[in-house]
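Student: I have a sequence and a structure to study, and I would like to reason through some of the details with you. Could we take them one at a time?

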Amino acid sequence: MTDLPENPSPHIEVVPASQDQEPVLANLLELYAHDFSEFYDLELGADGRFGYKHLPLYWAEPHRHPFLVRVDGRLAGFALVKRGSEVSGDERVWDMAEFFIVRGHRRCGVGAGAAQEIWSRFPGRWEVRVMQSNHSAKEFWGRAISEFIGELIRPTRVEKGEKCWYVFSFKSESAAQARPCPYS
């Protein structure tokens, strides 16, 4: 009997997206919107696309940061990070505006690794919002953030207008300084 080689951990990269890669991000945003339409009433445009009107701002405004996520060199998702809370309006908070990992790379540490790499790059106060109806995202963010900060975190339920979210609030300084991110 021969020993089977262990599967090595995937090499996760979080790379800033250049403006030339805007079409790649736009394509990934379509997949994201399709998944998200299960929880939120999104309508297709006349062109058959959901669209994302804020995407061009990620290269025009200095407080916005677009990233592509790669696993072993292959495209696996994206993250859009911005300064400013969508919930409280606090301009000093980092916000995970949008985050997406393609289904083939979910539930194997890629999403948590990518998110933790981002939190390490942007120390400070963070908010991660999850729609109340998106139970799997709530569980994912709770695990990923708790692992990153080294303690259990629970979200706060927030209602704003007709929308209801769970909001995870935490600081990344202590975690980023205490240990390097294991996924970088």
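Student: How many of the 12 residues of α3 are buried, and is the helix largely enclosed or not?

Tutor: Keep in mind as we begin that this is a predicted model. The buried residues of α3 include Val110, Ala112, Ala115, Ile118 and Trp119, and charged or polar names such as Glu117 and Gln116 are on that list too. Because so many residues are buried, the helix is largely enclosed by the rest of the structure, and the count is 10 of the 12.

Student: How far apart are the end C-alpha atoms of helix α3, and what span should its residues give?

Tutor: Helix α3 covers residues 110–121, and at 1.5 Å a residue its 12 residues should span 16 Å. The expected span uses one less than the number of residues. The model agrees with this expectation, since the end C-alpha atoms are apart by 17 Å.

Student: Where is aspartate 95 placed, and is it buried or exposed?

Tutor: Aspartate 95 belongs to strand β4, which runs over residues 94–101. A residue counts as buried when its relative accessible area is under 20%. The value for aspartate 95 is 0%, and therefore this residue is buried.

Student: Which residue forms a salt bridge with aspartate 95, with the closest N and O atoms 3.8 Å apart?

Tutor: The partner sits in strand β3 (residues 74–83), while aspartate 95 is in strand β4, and the pair links distant parts of the chain, 13 residues apart. Both members of the pair are buried. The residue that forms this salt bridge with aspartate 95 is lysine 82.

Student: Which residues are linked with Asp95 in a network of salt bridges?

Tutor: Among the residues that aspartate 95 touches are Lys82, Glu86 and Arg129. The side chains of aspartate 95 and arginine 129 are also joined by a polar contact of 2.8 Å. The network of salt bridges links Asp95 with Lys82, Glu86 and Arg129.

Student: Which residue meets the side chain of aspartate 90 in a salt bridge, and why does the pair tie together separate parts of the sequence?

Tutor: Aspartate 90 lies in the loop between β3 and β4, whereas its partner is in strand β5 (residues 125–131), so the pair ties together parts that are 35 residues apart in sequence. Aspartate 90 counts as buried at 16% relative accessibility, while the partner is partly exposed at 33%. The two side chains meet at 2.3 Å, N to O, and the partner is arginine 125.

Technical notes: Residues numbered from 1 in each chain as written. Predicted model: local features only at pLDDT ≥ 70, side-chain atom pairs only at ≥ 80, totals over all residues. Heavy atoms only, no water. Helix = DSSP H or I, 4+ residues; strand = E, 2+ residues; numbered from the N terminus. Buried < 20%, exposed > 50% of the residue type's maximum accessible area, 1.4 Å probe, protein only. Polar contact = N/O pair within 3.5 Å; in protein donor to acceptor, adjacent residues only side chain to side chain. Contact = heavy atoms within 4.5 Å. Salt bridge = Lys/Arg side-chain N within 4 Å of Asp/Glu carboxyl O. Lists of a residue's contacts leave out its neighbours within four places in sequence.
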